[in-house]
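I opened this structure to look up how two of its helices pack together and where its aromatic rings pair up. My notes follow in the order in which I looked.

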Amino acid sequence: VEIILFASHLLHRTSKFPLNTMTLEVLICSLNKGIVRVQEVLLPPCENVRYIVSYQYTDERYLDLIPEKLTQRSDVQIFRYNGQGLSANRNLAIEKATADLIMFADDDSHLLPETFDTVFRAFEQYEDMDAAFFTATTYTGKKLKDYPDEPCVLKGMPKTYSISALEMVCRRRKVQGRMRFDERFGLGTKFLTCGEEEIWMEDAVRAGLNMRYFPEKIIETSTLLKKSLVYVDAGVQRSRGAITYYLHGPTAWWICFKFAFHGARSGLCHFVPMMRHLAEGIRYMKRTQS
């Protein structure tokens, strides 16, 4: 009996993950030619980890680009959808998930050898946690945002930066069938070209999710943050107005007026076109709200 107990204890200490372990699915969203990059996202097979590739295409000829290496991996599932829109793609991937935990990746993302250890460790430490947020960098190691240095509980969107789906890991049962990315927002749409994460975060707060931030890197990306183009891109400006209305209701008019006024006074934009685009976003949200 003592030998058996010692062997069990030794196995627990030397295995990569605890004996009573969770499972994780990486939800990879891709569009058209991007599918050829997905194989670069995958890490070597791991018993506790699977990949779901949600592949949107706008023409059937793109289906011929699916790498054979993807179809040969038993830990990879590919779901094909005719259409486009990143928020819709993420929602489709969530619907197919079955693991305990889900995290997101784009077809140009790089996971780290320690990513899965980092994620499992966080959720094992906080058993009541519904969503965890980590950090991301560029391929050269530059931080994507001005992240805090200390871990903390999140009660809403952080003050110093805005979260991205790439930094997020969720308990599947807490979000599947309950929370979706707002498909009016995000890449692939023509009117509100970003902001889906801000809407998701507000919905998470309203749903009472228990969320924490960890200053640990889990992913690298080349993605340009569209929201940083708020002073030059009309789609981003419309998104800003729409998000403000979703968060604050009619008070959004005054908040957007002050934003446009301060931007113009600082020489970052012209007041009239900025305010016009912000107002278009507000009116769009009022028109499309359920």
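**Entry 1: a pair of helices**

In this predicted model, I first looked up helix α7 (residues 234–248) and helix α9 (residues 271–288), whose axes come within 7 Å and cross at roughly 50°. Because an angle counts as oblique when it is neither roughly parallel (under 35 degrees), roughly perpendicular (65 to 115) nor roughly antiparallel (over 145), I noted α7 as oblique to α9. I also noted the hand of the crossing, which is right-handed where α7 passes α9.

Next I listed the residues that meet. From α7 these are Ala234, Gln237, Arg238, Arg240, Gly241, Ala242, Tyr245 and Tyr246, and from α9 they are Pro273, Met274, His277, Leu278, Glu280, Gly281, Ile282, Met285 and Lys286. Sorting the residues of this contact by kind, I found 9 nonpolar, 4 polar and 4 charged.

**Entry 2: aromatic pairs**

I then searched the whole structure for aromatic pairs, and the search gave 12. One of them joins phenylalanine 181 and tryptophan 200, which are stacked, with 6.2 Å from centre to centre and 25° between the planes. I checked where the two partners sit: phenylalanine 181 is in the loop between α5 (172–175) and α6 (196–206), while tryptophan 200 is in helix α6, so that the pair links distant parts of the chain, 19 residues apart. Both phenylalanine 181 and tryptophan 200 are buried.

A further stacked pair is that of tryptophan 254 and phenylalanine 257, with 5.7 Å from centre to centre and 10° between the planes. Here both residues lie in helix α8 (residues 252–265), 3 residues apart, which is about one turn of the helix. I recalled that an α-helix has 3.6 residues a turn, so residues three or four places apart point the same way.

Are tryptophan 254 and phenylalanine 257 buried or exposed? Tryptophan 254 has a relative accessible area of 52%, and because exposed means over 50%, I entered tryptophan 254 as exposed. Phenylalanine 257 has a relative accessible area of 35%, and I entered it as partly exposed. I also found that Trp254, Phe257, Phe261 and Phe271 form one aromatic cluster.

**Entry 3: back to α6**

Finally I returned to the helix of tryptophan 200 and looked up which residues in α6 are buried, which gave Glu196, Glu197, Glu198, Ile199, Trp200, Met201 and Ala204. Just after α6, I noted that glycine 208 takes a positive phi of about 75°.

Technical notes:
Residues numbered from 1 in each chain as written. Predicted model: local features only at pLDDT ≥ 70, side-chain atom pairs only at ≥ 80, totals over all residues. Heavy atoms only, no water. Axes fitted to C-alpha atoms, helices over the stretch in contact; angles between N-to-C directions. Helix = DSSP H or I, 4+ residues; strand = E, 2+ residues; numbered from the N terminus. Left-handed = near helix turned anticlockwise from the far one by under 90°. Contact = heavy atoms within 4.5 Å. Nonpolar A, V, L, I, M, F, W, Y, C, P; charged D, E, K, R; others polar. Phe/Tyr/Trp six-rings, centres within 6.5 Å; stacked < 30°, edge-to-face > 60°. Buried < 20%, exposed > 50% of the residue type's maximum accessible area, 1.4 Å probe, protein only.
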